[in-house]
Amino acid sequence: MTNKLYYESAYIREWETEVSRIVEKEDGLYLILKDTAFYPHGGGQPCDTGFINDIPVLDVILEDEEVLHKVESLPAGDGVSCRIDWEKRLDHMQQHSGQHLLSAMFLELCQAMTLSFHLGNDYATIDIELPELSAERMLEVEADVNRQIYLNRSITSYIVNEEELARLPLVKQPKVTENIRIVKIEGIEYNACGGTHVSSTGAIGMIKLLRSEKQKGNIRVTFKCGGRALEEFNSNARILNALSVKFNTGKDEIMDRIEKWEQEQKLLQAELTALKEQYDGYVAAELLSAQEPGSVIVAQVFEQRSLKDLQSLAVKLTALTDLPVLLLSAAENKVVFAHSGSARLSCGAFFKANLGEFQGKGGGSDKMAQAGFPTWEQALAFYEFAKRQ
């Protein structure tokens, strides 16, 4: 059985040991070491990475009490020097210890048990047994959990037997019955856990709750601890400073400026919509006046118009003529086909029957249909085909 150094101390970074065995699996080569501080996947915590004799450790898993280290290649001899990626390990310790403390505060303040924990590369989440969580309550929990960090309570771990376990006020009973490892936060909680942790709450640094959302009848809380929380603050500060410069105002007045800007944009959009409506009326009248006697369709190619513009113009045209209307956008390779309802054809059915030949995709109703094409050549070919039909 592998001697698990990460249980002796989560702060071991480098050590010397020997290779006990080499295991070849379908996905690569694995080493079993006599001693290891590489933590394997488990308990919602990702594994450590690092190096064995400068050979990258790609993955670490636990099988039958043996720790297997996936490596790119095999070391030259049995004796090896190992070192873990300390920044990654410390990050995992901060997030995991932070989760224990956060879960304890949700239990104390909201009487809500933690149902699951996930530690991702960017953020961590816990699912708590709570139907609702207000923003005010979340801020209260955040303030209290950070207050416990400032008190710098010690965090210790040790192995107990079943008799000793029975005397502890555990949050929930462990699934294992042997080698039960307890993580204790002084004055806060006892928890059965096999993960790596910092030595005191002060080493968590800080905890920032980012958001909460409903998840299968419970609440999922997303948070960051320690270095991740600091990066989050710095990122938000950069965005806030950029907005302050852009709007030429103090940080406290940014929201007022944004609201004012939104109102201005709404007015401009309303004016633009009115002008486009007026412009479409002029374009529609011009297109109809240019029709030759005996024309059976109104067809036009536009260089820059969007699909939405073509649809709006088609509505204007079909209100003024009973002729079918066919419009093409060169900018988007989009076609719109419409009529007032008097024509004995279905635009949608026509598209469904013929688009495949031109690799077009789209559809619509009897009175209007639209389609897009991979290339300009295909869009133009369909446009010419539709005109002929």
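Trainee: Which residue in E7 does leucine 29 stand opposite?
Mentor: In this predicted model, strand E3 covers residues 28–33 and strand E7 covers residues 66–71. The two strands pair in the antiparallel sense over 4 bridges. Opposite leucine 29 in E7 stands valine 71.

Trainee: What is the strand order of the closed barrel of 6 strands?
Mentor: The pairing in this closed barrel is antiparallel. On average, neighbouring strands of the sheet are turned by 45 degrees against each other, direction ignored. The order of the strands is E2-E3-E7-E6-E5-E8.

Trainee: How many residues apart in sequence are the parts that glutamate 65 and lysine 4 tie together?
Mentor: The side chains of glutamate 65 and lysine 4 form a salt bridge, with an N to O distance of 3.4 Å. Because glutamate 65 lies in the loop between strand E6 and E7 whereas lysine 4 belongs to strand E1, the pair links parts whose separation in sequence is 61 residues.

Trainee: Which strands stand at the edges of the open sheet, each with a single partner strand?
Mentor: The open sheet of 4 strands is antiparallel and has the order E9-E10-E15-E14. One side of each edge strand is left without a neighbour in the sheet, because each has a single partner; these strands are E9 (114–119) and E14 (207–215).

Trainee: Which residue in E15 stands opposite threonine 125?
Mentor: Strand E10 (residues 124–128) pairs with strand E15 (residues 218–225) in the antiparallel sense, over 5 bridges. Facing threonine 125 in E15 is threonine 222.

Trainee: In which helix is aspartate 256 found?
Mentor: Asp256 belongs to a negative surface patch together with Asp252, Glu253, Glu259 and Glu262. The helix that holds aspartate 256 spans residues 254–289 and is H6.

Note on methods: Residues numbered from 1 in each chain as written. Predicted model: local features only at pLDDT ≥ 70, side-chain atom pairs only at ≥ 80, totals over all residues. Heavy atoms only, no water. Pairing = 2+ DSSP bridges. Axes fitted to C-alpha atoms, helices over the stretch in contact; angles between N-to-C directions. Patch = residues over 30% accessible without salt bridge, like charges linked within 9 Å, V, L, I, M, F, W, Y side chains within 5 Å. Areas by Shrake-Rupley, 256 points an atom, 1.4 Å probe, with all protein chains shown as cover. Salt bridge = Lys/Arg side-chain N within 4 Å of Asp/Glu carboxyl O. Lys, Arg positive; Asp, Glu negative; His and termini not counted. Charge placed at Lys NZ, Arg CZ, Asp CG, Glu CD.
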